Amino acid sequence: PRIVVLISGNGSNLQTMLDQGDANLLGGKIVAVISNKAEAYGLERARAAGIATAVVSNQDHASREHFDGALSEVIDGYQPNLVVLAGFMRILTPSFVHHYQGRLLNIHPSLLPRYQGLNTHQKAIDAGDQEHGCSVHFVTEELDGGPVILQARVPIFADDDACVVAERVQVQEHAIYPLTIRWFCEGRVVMQQGKAYLDGAL
Ligand code: GRF
């Protein structure tokens with residue numbers, strides 16, 4: 001299977017995918033990395049790995065619809081079976097999401113459905129939660145609302161700040177995202193009627 005990864009920044013999740021790909025553990029091939037930010041460090045990671053890169057800047061497009069149209073044209077040029085959002089910090093239009101329905105994954109740094117949106121680590125601390133985590137899910141039109149495939153939990157200890165918690169969560173992101181991608185590439189994860197299934201159940 002052919003995989004396109006969308007990023008906006010550091011790309012530490014992308015890096016784990018590249019590493020797993022090198023070790024033949026990803027189940028598919030990353031054929032391109034696309035960023036909406038030219039300065040995203042993840043683009044350098046991709047180049048270092050010899051993967052094609054592209055930048056589609058939202059600033060070059062008058063509306064969200066135009067940007068999403070340009071983005072999907074570039075993505076579709078690579079004929080992906082799977083599109084992976086890895087720290088891609090743009091809200092996508094319903095028509096974009098619909099176009100990639102069932103083959104568009106995201107990772108969100110919370111135990112969804114808790115804490116959709118930004119600043120999830122601080123929200124969990126402020127709520128006095130003793131556990132937190134991350135979720136890999138199919139993307140649907142509902143922001144951070146698509147069906148969850150896999151989650152990992154981490155503890156929150158007294159006196160933890162958001163930075164410490166974020167680091168703890170990222171270790172888990174790096175474990176569960178490539179694993180979910182592998183399952184998808186093996187045909188073990190599907191979305192049907194808005195629900196996620198692993199091996200026919202979940
Ligand atoms: C991750 O924390 C992810 O959960 C969120 O964006 C961040 C991306 O980090 N969606 P990186 O660019 O992969 O290092």
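Helices (H or I, at least four residues) and strands (E, at least two) are DSSP runs, numbered from the N terminus. The legends below concern a predicted model, in which local features need pLDDT of at least 70, side-chain atom pairs count only at pLDDT 80 or more, and totals for chains, interfaces and linings use all residues. Residues are numbered from 1 along each chain as its sequence is written.

**View 1. The shell around the ligand.** A residue is near the ligand if its C-beta atom, placed from the backbone, lies within 6 Å of it. Of the 15 residues around the ligand, those that come nearest are Asn10, Ser12, Asn13, Gly87 and Pro109. Two or more residues are given to this shell by each of α1 (12-22), β5 (104-108) and α6 (162-185). Helix α1 gives the most, with 3 residues. By class, the shell has 9 polar, 5 nonpolar and 1 charged residues, where Ala, Val, Leu, Ile, Met, Phe, Trp, Tyr, Cys and Pro count as nonpolar, Asp, Glu, Lys and Arg as charged, and the others, Gly among them, as polar.

**View 2. Serine 12 and asparagine 13 in helix α1.** Serine 12 lies in helix α1, as does asparagine 13. An unreviewed UniProt entry lists Gly11, Ser12 and Asn13 under "binding site"; positions are given in the numbering used here, feature names are shortened, and annotations may be inferred rather than shown by experiment. A residue is buried if 20 or more other C-beta atoms lie within 10 Å of its own, exposed if 12 or fewer, and partly exposed in between, with C-beta atoms placed from the backbone. Asparagine 13 is buried because 23 other C-beta atoms lie within 10 Å, whereas serine 12, with 17, is partly exposed. Contacts join residues whose C-beta atoms, placed from the backbone, lie within 7 Å. Leaving aside neighbours within four places in sequence, serine 12 is in contact with Gln170 and His174. On the same basis, the contacts of asparagine 13 include Ala86, Gly87 and Tyr177.

**View 3. The cis peptide bond before proline 113.** Leucine 112 and proline 113 are joined by a cis peptide bond, with omega about 10°. Proline 113 is placed in the loop between β5 and α5 (120-126).

**View 4. Aspartate 159 and aspartate 199, with positive phi.** Aspartate 159, a residue other than glycine, has a positive phi near 75°. Aspartate 159 lies in the loop between β7 (148-155) and α6 and is exposed, since 7 other C-beta atoms lie within 10 Å. Aspartate 199 is not a glycine either, yet its phi is positive, at about 50°. Aspartate 199 belongs to the segment after β9 (195-198).

Note on methods. Contact = placed C-beta atoms within 7 Å.
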